[in-house]
Amino acid sequence: MSESETGFSLEKLYDVVIAPETWPDMLNDIARSSNAVGACLAAGAGSKTLIARPVSPDLVEPIDDFINNGWHQRDLRGQRAWPLFRKGQTVLVEHDISTDQERRSSAYHNEWLRPWDLPWWGALGFTLQDQHYGLVVLRNTRQGALTHEDMRPLKILQPHLARVLTLVDMFSANRAEVILDAMDLIEKPAFALNAGGRVIRLNTRAEGLVRTDFRLSHGVLRALLADDDKGLQKLIATVLA
């Protein structure tokens, strides 16, 4: 499928690897190619949704609201979509995950989505290692509901999105190594986490803490004391939101 068919340049997608400041414009181009208000990348964390910033310009305020007012912790779309993506589905639209009745009456649709006029959703699922991601596009009332046919041109992006995030992770990992080494030099422990909240690197000082104050459970950092762990998990969730 060519750029003329998708309405989007793959070259711009790869530009974000060396020029991360172009993420908002690139996502905005994807949204416009789908006749949508905006687009963003999301990562699944259980049934919760973590939004990868930055997002396209017209979604900045709605996504701030989504995070700051706790909608990411009661994300109806995420609760329905992530299990379907894990089962192998790659394209979902609003009609796949919510009913007419829910859209008329649920707090999620009426207290968060309605004020921002973002009733229509579509997502392209893809995986990187064991992490599930979604390219999300959102439409307003005037633009109308997204269909599977509307989402079809975006499917060309699936392998490219995975490659781009792999490259971004490589660059981020190199930067993380420099930061972790610097923290070692000033004798401070430090952990590097991925988008799913799992520890991917830690410095020498942090390795000592894992033996005395913390433990790693399938990559998740846990405090040994229950009360401390509650505070730690809240802090991690805040950082990742």
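The largest nonpolar core of this predicted model has 31 residues. Within this core, Trp23, Ile30 and Leu157 have the most contacts. At least two core residues come from each of helix H2 (10-18), helix H3 (23-33), strand S1 (38-45), strand S3 (91-93), strand S4 (120-128), strand S5 (131-139) and helix H10 (157-185). The most is given by H10, which supplies six residues.

Ile30 shows how these parts of the chain meet. Beyond its neighbours within four places in sequence, Ile30 is in contact with Phe8, Ala39, Leu135, Val137, Leu154 and Leu157. Apart from the largest core lies another, of 24 residues, including Ile67, Leu76, Leu92 and Val136. In soluble globular proteins, nonpolar side chains tend to be buried together.

The wider fold can be described next. The secondary structure amounts to 12 helices and nine strands. Among contacts in the protein with a separation of 6 or more, 54% are between residues 24 or more positions apart. Of the 241 residues, 44% count as buried.

Overall dimensions follow. A compact globule of 241 residues would have a radius of gyration near 18 Å, so the 19 Å of the protein agrees with that expectation. The C-alpha trace spans about 55 × 40 × 30 Å along its principal axes.

At the surface, the accessible area comes to about 12800 Å², and carbon and sulfur atoms hold 53% of it. As for charge, the protein has 27 positive and 31 negative charges, and the mean positions of the two sets are 5 Å apart.

Notes
Residues are numbered from 1 along each chain as its sequence is written. This is a predicted model: local features need pLDDT of at least 70, side-chain atom pairs count only at pLDDT 80 or more; totals for chains, interfaces and linings use all residues. Side-chain values use heavy atoms; hydrogens and water are left out. Helices (H or I, at least four residues) and strands (E, at least two) are DSSP runs, numbered from the N terminus. The radius of gyration is taken over C-alpha atoms; the globule rule is 2.2 Å times the number of residues to the power 0.38. Buried means under 20% relative accessible area, exposed over 50%, partly exposed in between (1.4 Å probe, protein chains only). Contact means heavy atoms within 4.5 Å. Accessible areas come from the Shrake-Rupley method with a 1.4 Å probe; for residues, only the protein chains shown count as cover. Lys and Arg count as positive and Asp and Glu as negative; His and the chain ends are not counted. The place of a charge is taken as NZ of Lys, CZ of Arg, CG of Asp or CD of Glu. A nonpolar core is a set of buried Ala, Val, Leu, Ile, Met, Phe, Trp, Tyr and Cys residues joined through side-chain atoms within 4.5 Å.
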